[in-house]
Amino acid sequence: MHVLRLRGLDGEPVLLERTVYADWIAPAVEPIEPDCPSVTQRLLDDTGLVFAYGEHVIDAVAAGARDAELLSIRRTSPLLRVRRVTTTREGRPVEWSDDRYRSDAVSFSVHNSIANNALARKTAD
């Protein structure tokens, strides 16, 4: 099941979420209204599903024509992209997501320490 959601802050579009849900959870996702604040929380409330693990890759991309139109920005404007794969505690895939944030509206902060440093640096694809 493919879902495209346009999210905003203070009435301004700032995020495009493109998510593909696994077939086994799609029936629980289908009735969720488009303006639901958190699909993750709704699935926990409705089904008990815990999104236990996620791998996030953050990079920068230029807005294509569709992204620019939906986010009310110029084509080729910079976007922060977060690609994510989420699984259950057992490692069963739940979702694959490609989220694109307007770079003038959102920033990311990563906290790591000597005791727990999950941060990895990779070369661009």
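A polar contact here is a pair of N or O atoms within 3.5 Å, where one must be able to donate a hydrogen and the other to accept it. Keep that cut-off in mind, because the side chains of Thr86 and Glu95 meet it with a separation of 2.9 Å. We'll come back to that pair once the overall layout is clear. One caution before that: this is a predicted model.

Let's start with the chain as a whole. It has 3 helices and 5 strands, and from the N terminus on the elements run β-β-α-α-β-α-β-β. Along its principal axes, the C-alpha trace spans about 40 × 40 × 30 Å. Of the 125 residues, 33% count as buried. If you look at contacts with a sequence separation of 6 or more, 53% of them come from residues 24 or more positions apart.

Now back to Thr86. You'll find Thr86 in strand β4, which covers residues 78-87. Is Thr86 buried or exposed? Its relative accessible area is 4%, so it counts as buried. Leaving out residues up to four places away in sequence, Thr86 touches Phe51, Tyr53, Gly54, Arg92, Pro93, Val94 and Glu95. Gly54 deserves a closer look: it is 32 residues from Thr86 along the chain, yet the two C-alpha atoms are separated by 4.2 Å.

On the other side of the polar contact is Glu95, in strand β5 (residues 93-102). Glu95 is a buried residue too, with a relative accessible area of 5%. Which side chains make polar contacts with the side chain of Glu95? Thr86 is one, at 2.9 Å, and Arg84 is another, at 3.0 Å. So a carboxylate with a relative accessible area of 5%, under the 20% limit for buried, has polar partners on hand in this model. Beyond its sequence neighbours up to four places away, Glu95 touches Thr19, Val20, Tyr21, Phe51, Arg84, Val85 and Thr86.

Move along β5 and you reach Arg100, which sits in that strand as well. With a relative accessible area of 16%, Arg100 is buried. Its side chain makes a polar contact of 2.8 Å with the side chain of Asp98, and one of 3.2 Å with the side chain of Asp67. The list of residues that Arg100 touches, again without those up to four places away in sequence, includes Val14, Leu15, Leu16, Val61, Leu71, Leu79 and Leu80, along with Arg18, Asp67 and Arg81.

Next, the rings. How many aromatic pairs are there? The count comes to 1. The pair is Tyr101 with Phe108: the ring centres are 5.1 Å apart and the planes stand at 90 degrees, so the arrangement is edge-to-face. The two partners differ in accessibility: Tyr101, at 15%, counts as buried, whereas Phe108, at 36%, counts as partly exposed. There is also a charge to look at over a ring elsewhere: the charged end of Arg92 sits over the ring of Trp24, 4.0 Å from its centre.

Some residues from the Glu95 neighbourhood turn up again around a pocket. The second largest pocket has a volume of about 170 Å³ and a lining of 14 residues. Nearest its centre lie Glu17, Tyr21, Val39, Thr40 and Arg84. Of these, Tyr21 and Arg84 are also among the residues that Glu95 touches. Which elements supply at least two residues each to the lining? They are β1 (2-9), β2 (12-21), α2 (39-47) and β5.

Finally, a couple of backbone details. Most residues other than glycine have a negative phi. Asp10 goes the other way, with a positive phi of about 50 degrees. Asp10 is found in the loop between β1 and β2, and it is exposed, with a relative accessible area of 82%. Thr76 also has a positive phi, near 80 degrees, without being a glycine. Thr76 lies in a loop as well, the one between α3 (65-71) and β4.

Methods
Residues are numbered from 1 along each chain as its sequence is written. This is a predicted model: local features need pLDDT of at least 70, side-chain atom pairs count only at pLDDT 80 or more; totals for chains, interfaces and linings use all residues. Side-chain values use heavy atoms; hydrogens and water are left out. Helices (H or I, at least four residues) and strands (E, at least two) are DSSP runs, numbered from the N terminus. Buried means under 20% relative accessible area, exposed over 50%, partly exposed in between (1.4 Å probe, protein chains only). Contact means heavy atoms within 4.5 Å. Rings of Phe, Tyr and Trp (its six-membered ring) pair if their centres lie within 6.5 Å; planes under 30 degrees apart count as stacked, over 60 as edge-to-face and the rest as tilted. A charge sits over a ring if NZ of Lys or CZ of Arg is within 6 Å of the ring centre and within 35 degrees of the ring normal. On a 1 Å grid over the protein atoms alone, a cavity is a set of points where a 1.4 Å probe fits but cannot get out, and a pocket is an open set with protein on both sides within 12 Å along at least five of seven lines; lining residues have an atom within 4 Å of a point. Grid points are joined across faces, edges and corners, and a volume is the space filled by probe spheres set on the points.
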